[in-house]
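User: I would like to go through this model at the bench, starting with the ligand. Please keep the answers short.

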Amino acid sequence: MSKGEDIFKKIIAHAKEYGFIFQSSEIYDGLSAVYDYGQNGSALKNNIKEYWWKSMVQFHENIVGIDSAIFMHPTVWKASGHVDAFNDPLIDNKDSQKRYRADVLIEDHMAKLEEKINKEISKAAKKFGEDFDEKMFRQTNPRVQANQEKIDNIRSRFVKDMENEDLQDVKALIEELGIACPISGSKNWTEVRQFNLMFSTQMGSLSEGANQIYLRPETAQGIFVNYLNVQKTGRMKLPFGIAQIGKAFRNEIVARQFIFRMREFEQMEMQFFVRPGQEKEWYEYWKDERVKWHKALGIPDELFRLHDHDKLAHYAKDAADIEFLFPFGFKELEGIHSRTDFDLGAHQEFSGKKLQYFDPETNESYVPYVVETSIGLDRMFLAILSNAYKEETLEDGSQRVVLNIPPMLAPVKAAVLPLTKKDGLPEKAREVMDTLKYDFMCRYEEKDAIGRRYRRQDAIGTPYCITIDHQTLQDNTVTIRERDSMKQERISINDVKQVVLERISYHKKQ
Ligand code: ATP
């Protein structure tokens, strides 16, 4: 097992043991790629939502939020292109009976070649030390060049195949590359075929004339169909944005990576409506803004990278992914897409209703262009959790598992702990709880030795532990212990609220 896989397993186990994430319907052996958030998980998830919502809606005067329904008129998905084009190329291995996404098999193969290149580079960097010129090395080393050429050829052939819907050649490519099923090792593949990812259901009883409807595969369309409602009732002027957080559903072919790829998940999307011709500028702006948003959480820069798409979705003009280094490698966390007037134009055509904006500056009416930022809430959760999980050996040789969750996102901000269960300490601790609980999430705990209670709080990422001891009864001071440094300080009870509030505030982060 690789180190990443090993850590990933530990993170999944930790998430369950400490009430973050449970398999859905676990007592019935679970439902594949569907998960439930527990007591700490739902709190962390809500905090991530709030961080996103505040950064988008509260801190931008020209962005407003909505909450549209999951069910929509079926023609919405015809207009958006999802009925015809929201497909993944699917391939089965005949021996293992396992199903794969053909594009993912090919991408994984390219990632292996990329790894070979990176190994050559780090070997050479070690050998040449400070004199090492990576750019030059990439251009001149024959092994690196050969692998890079292979990657480029595979990519361009695959992109062409997908554009031409040449699924036979995708299969041929998989065979030529000698890609084997990771489970059986066999190269015995079926044909590649397209698989639509939308879930459908029926609305109304059959006698009333059933209508096939879909569970939305993205939240964006709820924004597009409400664009004029919001623009008119909010008296919005271009450029302006509409934000939304909500559930989305995709019948993913391969869903084996915990909450990274789920069949029911949550998206946080923002559609930014701009004057045609200004989309490039805004696309660059939002790429930059969104990267800043991630980095403001104090997660190391090297865990993020920006990846421009080669194979564009059916609606996109420009698209880039913000990728995060998950325990299983760099993968998409958020997408920034320049969607042109594709969606509004299509809805105008299919609905027969005008979706134009009258621009008072130019005296013209037009269908605005759209730049979208789209992030998976569950993927953001996994990014935070996997970055936060640390196993530490302390000075006295003991071990602790700590979640270094950014304090403003932590499920519990402060634990209030009476040192013992007697001598009036619990009563005093309850008084402290009462002064804090209206402002942030606190947890009261009096069971077990104080050291064990600290460990439990570390394991769920609580930034502060406030301990009430005998001295508290005398001089009204408590100890406040900081999660990461484990340093303890004695401060007045009257200052506790302020100290915690300052650390968890959004203010510093923006
Ligand atoms: P992928 O290539 O990983 O399937 P995508 O390009 O289809 O993702 P988008 O359609 O751009 O994803 O969706 C926007 C965001 O929604 C993604 O960046 C991701 O964070 C999230 N997302 C998409 N599909 C899933 C899923 N099945 N489970 C969890 N999050 C998802």
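User: Which backbone is in polar contact with an oxygen atom of the ligand, and at what distance?

Analyst: The model is a predicted one. Leucine 333 offers a polar backbone atom to an oxygen atom of the ligand. The residue is also listed among the closest to the ligand, together with Glu252, Arg261, Met262 and Glu332. The backbone asked for is that of leucine 333, at 2.8 Å.

User: How much of the ligand does the protein bury?

Analyst: Taken alone, the ligand exposes 590 Å². The protein covers part of that area, and the buried share is 87%.

User: Which side chains place a polar atom by an oxygen atom of the ligand, and at what distances?

Analyst: Glutamine 267 has a polar side-chain atom 3.3 Å from an oxygen atom of the ligand. Arginine 261 also has a polar side-chain atom by a ligand oxygen, at 2.7 Å. The side chains are therefore those of glutamine 267 and arginine 261, as both distances fall within the 3.5 Å cut-off for a polar contact.

User: Which strand gives the most residues to the shell around the ligand?

Analyst: The shell holds 17 residues. Strand 10 (264-274), strand 13 (329-340) and strand 16 (369-376) each give two or more of them. The top contributor gives five residues, and this is strand 13.

User: What is the make-up of the shell by residue class?

Analyst: Of the residues around the ligand, five are nonpolar and five are polar. The charged residues number seven.

User: In what order do the strands of the open sheet lie, and which are its edges?

Analyst: The open sheet has seven strands with mixed pairing, in the order 3-9-10-16-13-12-11. Neighbouring strands are turned by 25° against each other on average, direction ignored. A strand that pairs on one side only is an edge, and here those are strand 3 (63-66) and strand 11 (304-308).

User: What is the bridge partner of histidine 307 in strand 12?

Analyst: Strand 11 and strand 12 (residues 318-326) run antiparallel and are joined by five bridges. Histidine 307 takes part in this pairing, and its partner in strand 12 is aspartate 321.

User: Is arginine 339 buried or exposed, and which side chain does it contact?

Analyst: Arginine 339 belongs to strand 13. Its relative accessible area is 0%, so it counts as buried under the 20% cut-off. A polar contact of 2.8 Å links its side chain to that of glutamate 372.

User: Why is strand 21 described as largely enclosed by the rest of the structure?

Analyst: Tyr464, Ile466 and Ile468 point one way from strand 21, while Cys465 and Thr467 point the other way, and all are buried. In a regular strand the side chains alternate between the two faces of the sheet. Strand 21 (residues 464-468) is largely enclosed because the buried count is five of the five residues.

User: Which strands does strand 21 pair with, and in what sense?

Analyst: Strand 19 (residues 414-418) runs parallel to strand 21 over five bridges, with alanine 415 bridged to cysteine 465. Four bridges connect strand 21 to strand 22 (residues 477-482), where isoleucine 466 is partnered by isoleucine 480. The pairing is thus parallel with strand 19 and antiparallel with strand 22.

User: How far apart in space are histidine 294 and tryptophan 52?

Analyst: Histidine 294 sits in helix 11 (residues 279-295) and is buried, at 1% relative accessible area. In sequence, histidine 294 and tryptophan 52 are 242 residues apart. Their C-alpha to C-alpha distance in space is 10.0 Å.

Terms used
Residues are numbered from 1 along each chain as its sequence is written. This is a predicted model: local features need pLDDT of at least 70, side-chain atom pairs count only at pLDDT 80 or more; totals for chains, interfaces and linings use all residues. Side-chain values use heavy atoms; hydrogens and water are left out. A residue is near a molecule or strand if one of its heavy atoms lies within 4 Å of it. A polar contact is a pair of N or O atoms within 3.5 Å; within protein, one must be able to donate a hydrogen and the other to accept it, and residues adjacent in sequence count only if both atoms are side-chain atoms. Accessible areas come from the Shrake-Rupley method with a 1.4 Å probe; for residues, only the protein chains shown count as cover. Ala, Val, Leu, Ile, Met, Phe, Trp, Tyr, Cys and Pro count as nonpolar, Asp, Glu, Lys and Arg as charged, and the others, Gly among them, as polar. Two strands pair if DSSP finds at least two bridges between them. Axes are lines fitted to C-alpha atoms, for helices over the stretch in contact, and angles run from 0 to 180 degrees between N-to-C directions. Buried means under 20% relative accessible area, exposed over 50%, partly exposed in between (1.4 Å probe, protein chains only).
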